[in-house]
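User: I am new to this structure and would like to understand the terms used to describe it. Please explain how each label is justified.

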Amino acid sequence: MCNDTGIQLIKDTWQKSTGVRMMRAAGRPKPEADAFNAAVPAETPDLAYYYDGTWEGWLCCVYESYTAKEIPGMIAVETEQGISVETSLFYAKRIVTRTDLAERVRKGIDDKIGKPFLHILERIFCSCISQKEEQMLLFARKGFRYGMQILNLRQDKVVNNVLKGLRDLGREIDKWYGFVRFSDVRGILVAVIGAKNNVLPFIASHFCDRFHNEHFMIYDQNHKMALVYKPGKCCVIPMEDFVISEISDEERKYRVLWKNYYAAIEINPRHNEVCRRTHMPKRYWDFLTEMTEQGDCISNYKGIK
Amino acid sequence: MDVLEKLKILADAAKYDAACTSSGLERKGSGFAMGSSRDFGICHSFAGDGRCISLLKVLLTNCCSFDCVYCVNRYSNQAKRAAFTPRELADLTWQFYRRNYIEGLFLSSAVWKSPDYTSEQMLKVLEILRYEYQFGGYIHVKVIPGTSALLVEKLGTLADRISVNIELPSSGSLEKLAPDKSKEKILLPMKQIQYKIQENRQGRGRFGGIQPVGKQAAKIQGAASSGNRYLLEDKESLNGLRCMEMADPYALKSVDGGQLQKPWKKGQMRFAPAGQSTQMIIGATPENDRQILRLTEGLYHQYQMKRVFYSAYIPVVEDNRLPSRETLPPLWREHRLYQADWLLRFYGFTASELLDEKNPQLHPYLDPKCHWALRHPDVFPVEVNRASFDELLRVPGIGTESAYRILRARKLALLDWDGLKNIGVVLKRARYFLLCKGRSYPFLSHDKNAFLLAMMSPKERALFARQERKWFQPSLFDNFSAETDCNKEGAEPMLTVPALDDAQKEALECVTIPVFS
């Protein structure tokens, strides 16, 4: 798929742009000087790929990039209204999703680079880094050339970018492990979250393990998705809208208890607003029982026994 | 009194315990009705003081028969008293856990009637949770000094982490401020817990952490082979346990006397799998940082603590044996001690390296690592592409994570300054101590003031400018609007820094700038 001369150019341009010189493995022959002039994937910043926004679709973009020997300047999702971005600026190419090609690329990544690399790509696909698809394509190309060791090459801009995105995703997952707040609605636990990255697939295993005897649902209002679980079965499904409508007395009682606990545990002479916001940014506050005032605040408390 | 009222009083009384961590133990939830434990620890919320809320941290009761001077719960203090029944507390934990408010329970207590009576009540809570509800979440339990060994062992089999507070950094202070507690009463259960953890690990056929070596290993081996539950040879520390006849601590009796189902299989029972920790109060007594750090180091090495927590003393009661009520909590000192603690645990420093008799206090404006580096110019510079892991760890601006990344990255390509930046090294500090491909940082300033500024964080600089401008050269602040910074962050009147003593002033003035051509 990717011949040696092509690789050499990637290597060359990379060296120019980052100043990093790859160390050659001992005993490997030096490439001939005229090899640089042979057919190479063109840096084509005015070319845009449009795909359907699925993981398979992105894999097909990788396939197209290798077969056509080009690196598009933009990869965007084609919406139902048609191509939404500035079509006039780019020479557009629509990528048709074909499962056989996607499977071939997936298998290629798995065989030639390794399973961990594939997992990383899958994770980043759920993250919200800017220019996700382009960055992933460049990252995958580097992966094909240098193998798993590319993950250690943080000097490189693309690798660093992608790994940073991966880290941010991991951090948000960790935050949501803690910040999901369930309410008991007739024996079923329901929670609403609003995540930047698409975290539901990643927090699923943790919650399914922890509450394996419960029925529960976690609704992500930003991605319009819900994680639904009943003992032994778990799935992530699209969901248009969801609001917790009824709150029982029992549920209200524990909310009030929790709010009061939260207020009591603070050491007042050590109050530190900046520190709290650093660890618990304000975008999470809407989903936290102890930080929301409306409805069942402490003043509404009427004799809890 | 209803549960809400009790929760308010008992959470309020428990808040001075610093530890609220739930890390160090990975356990699947499948063996339990509900609950699991993650080794990275999960923070469920952050209180207004910025501290993590991970566990439901309450006292079982604040009715106390001790009279520790520094404590808000001492019997001579006028305060509202309350006590949970074991059932109430277990239910509360269960319901909070179910709603994902908490990661588990942190159970402590004042001394009600006697240490043994209180421990029995605490044990009941744990039994209801573990046996009856089959609760798999994290449980941290505090041992009250003076509790009998059997009860400590029972608590340890049900809890994940168990801790005994050392309270004050010296036995003299302890005698003065906590007349009912003594060094022996505190250290004895610590030693017992440590041996029990080791024995339990060996019994399960694997060592999760540090393997005991030499004399210690022989002792444990001997104890295990002779069937002794405790290491009876150790006369000094385990004097009280010598002749004690041990009942089977694993015999399960419920609170009502009925037989209960064990949540784990035989042989899988773990004793305090997340280890033990301790806590001491800083600033209530005159010990210096050197003594505290040496004590900490001893606790890590001899008692195999997972963590030692420091708690800045907050004056809650008036007493002539204590600092006055107006004294601000020494938060800055606490922060420095934690920094030094990290250096002990993760960076391979020893207490004697960080502080010696000439410098008994940690520097208020330079973090302990920077301060060490300034006193050891002979070690630097180090070449990034060749230095060993240990050498890299000692460079200010390089942490454990970036040191690992450097090791991995330089296998693939030579590192340069831009690459270091991408890796996450704090070049502002590290550039003075590193060489890249044999060269020092381009256009590195030889100015002493610039160098000192680079060593300080913005907060440290602001404090420095506010407090020490009388004796330091004003040129330091020409390009630096410390005053405005202070005003902007005016919300921190709490942060008081001890004035520099002569040794520290001298250290700042004689700084040798490690600039290398």
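**Terms and their grounds**

Analyst: Between chain B and chain A there are five salt bridges, a salt bridge being a side-chain nitrogen of Lys or Arg within 4 Å of a carboxyl oxygen of Asp or Glu. This is a predicted model, in which local features need pLDDT of at least 70 and side-chain atom pairs count only at pLDDT 80 or more, while totals for chains, interfaces and linings use all residues. Residues are numbered from 1 along each chain as its sequence is written, chains are lettered from A in the order in which they are written, and side-chain values use heavy atoms, with hydrogens and water left out.

User: What makes the pair A:Arg210 and B:Glu103 a salt bridge?

Analyst: The N to O distance between the side chains of A:Arg210 and B:Glu103 is 2.6 Å. The limit is 4 Å, so the pair qualifies.

User: How many residues of chain B and of chain A are in contact?

Analyst: In chain B, 64 residues are in contact with 57 residues of chain A; contact means heavy atoms within 4.5 Å. The area buried between the two chains is about 5600 Å², of which carbon and sulfur atoms give 57%. Buried area is the accessible area (1.4 Å probe) that two parts lose on being put together, summed over both.

User: Why is A:Lys259 called buried?

Analyst: A:Lys259 has 8% relative accessibility and therefore counts as buried, a word that means under 20% relative accessible area (exposed is over 50%, partly exposed in between; 1.4 Å probe, protein chains only). A:Lys259 is found in helix H8 (residues 249-264) of chain A, helices being DSSP runs of H or I with at least four residues.

User: Why are the buried residues of H13(B) said to be on the same side?

Analyst: In helix H13 (residues 400-409) of chain B, the buried residues are B:Ser402, B:Ala403, B:Arg405, B:Ile406 and B:Ala409. They cover an arc of only 160° around the axis, which puts them on the same side of H13(B); the arc is that of the directions from the helix axis to the C-beta atoms. What covers them includes helix H12 (389-393) and helix H14 (417-423) of chain B.

User: What is the largest nonpolar core, and which helix gives the most to it?

Analyst: A nonpolar core is a set of buried Ala, Val, Leu, Ile, Met, Phe, Trp, Tyr and Cys residues joined through side-chain atoms within 4.5 Å. The largest has 184 residues, with A:Trp176 and B:Phe96 among those with the most contacts inside it. Helix H1 (residues 3-14) of chain B gives the most to this core, with eight residues.

Definitions and conventions: Helix = DSSP H or I, 4+ residues; strand = E, 2+ residues; numbered from the N terminus.
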